[in-house]
Amino acid sequence: MVDATSTMGTRTPNGVARRAPRHRQSVTRAFTVGGAYGFVIASLHADGSLADVNLIMAKQGSTLRGMAETVSSAISTGLAHGVPLVTFVRQFADLRFEPSGHTDDPEIPRATSIIDYVVRRLALDFLPLDDRTTLGVLTPLERAEMAAEPTPVPLV
């Protein structure tokens with residue numbers, strides 16, 4: 001039996017994509033944004049890094065579902081070719097279109113769009129706190145903790 005992780009999860013100097021292995025672990029989250037229901041499936045490489053993203057909206061055949069599949073395909077292709085997740089978060093966070101509004105995720109109580117929610121969720125799950133702080137993607141608890149920290153007084 002051939003281990004798919006040894007051949008499919010590598011990136012070579014000649015620019016070959018780092019594809020997700022055939023057999024991989026993933027994290028699936030159900031979510032709602034402004035009443036729209038969907039799933040985000042984040043597949044992982046053997047080292048635990050993000051391999052690809054599938055965004056599935058519950059309403060079959062809708063324009064929203066097609067747009068979600070297109071965006072998840074673009075993110076997955078970018079990740080396979082070495083585009084860092086930070087780039088996608090910077091590009092797509094705060095993107096505004098309907099549906100938007102309240103979510104069922106206590107770490108991201110409001111989203112300006114489904115894509116905004118998804119990239120923020122991915123950032124919370126896969127980016128270190130320093131990167132997320134720079135991008136402004138923090139949980140309500142992290143924001144409260146940062147607000148409670150005393151600010152250093154500059155030396156004159």
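**Pockets, cavities and the core**

Okay, so let's start with a pocket: the second largest one here has a volume of about 160 Å³. Keep in mind that this is a predicted model. Who lines that pocket? From the earlier part of the chain we have Glu 107, Ile 108, Pro 109 and Arg 110, then Asp 116, Arg 120 and Leu 124, and finally Val 137, Leu 138, Thr 139, Pro 140 and Arg 143. In terms of elements, E5, H4 and helix H6 (140-148) each put two or more residues into that lining. By class it's six nonpolar, one polar and five charged.

Now the largest pocket. That one holds about 190 Å³ of space. Its lining has 14 residues, and the ones closest to the centre are Ser 49, Leu 50, Leu 79, Val 83 and Leu 85. The class split there is eight nonpolar, four polar and two charged.

Right, on to the closed spaces. How many cavities of 30 Å³ or more does a search of the whole structure find? Two.

The largest cavity comes out at about 40 Å³. Around it you'll see Val 27, Arg 29, Val 40, Ala 42, Arg 121, Leu 122, Asp 125 and Phe 126. H4 supplies the largest share of that lining, four residues, and E1 and E2 each chip in at least two. Five of the lining residues are nonpolar and three are charged, with no polar ones.

The second largest cavity is about 30 Å³. Here the lining is Val 53, Leu 55, Val 71, Ser 72, Ile 75, Ile 115 and Val 118. This time H2 gives the most, with three residues, while E3 and H4 also supply at least two each. No charged residues in this one: it's six nonpolar and one polar.

Two of those names, Leu 55 and Val 118, come back when we look at the largest nonpolar core. That core has 30 residues, and Leu 55 and Val 118 sit among the members that touch the most others, along with Phe 31, Val 89 and Ile 114. Strands E1 (26-33), E2 (36-44), E3 (50-57) and E5 (108-111) each give it two or more residues, and so do helices H2 (63-80), H3 (85-92) and H4 (114-126). Which element gives the largest share of this core? H4, with eight residues.

Last stop, Ile 114. Leaving aside neighbours within four places in sequence, Ile 114 is in contact with Phe 31, Val 33, Ala 36, Leu 55, Met 57, Leu 64 and Pro 99. Okay, that's my tour.

Key. Residues numbered from 1 in each chain as written. Predicted model: local features only at pLDDT ≥ 70, side-chain atom pairs only at ≥ 80, totals over all residues. Heavy atoms only, no water. Core = buried A, V, L, I, M, F, W, Y, C linked by side-chain atoms within 4.5 Å. Buried < 20%, exposed > 50% of the residue type's maximum accessible area, 1.4 Å probe, protein only. Contact = heavy atoms within 4.5 Å. 1 Å grid on protein atoms, 1.4 Å probe; cavity = no way out; pocket = protein on both sides within 12 Å on 5 of 7 lines; lining within 4 Å. Points joined across faces, edges and corners; volume = space filled by probe spheres on them. Nonpolar A, V, L, I, M, F, W, Y, C, P; charged D, E, K, R; others polar.
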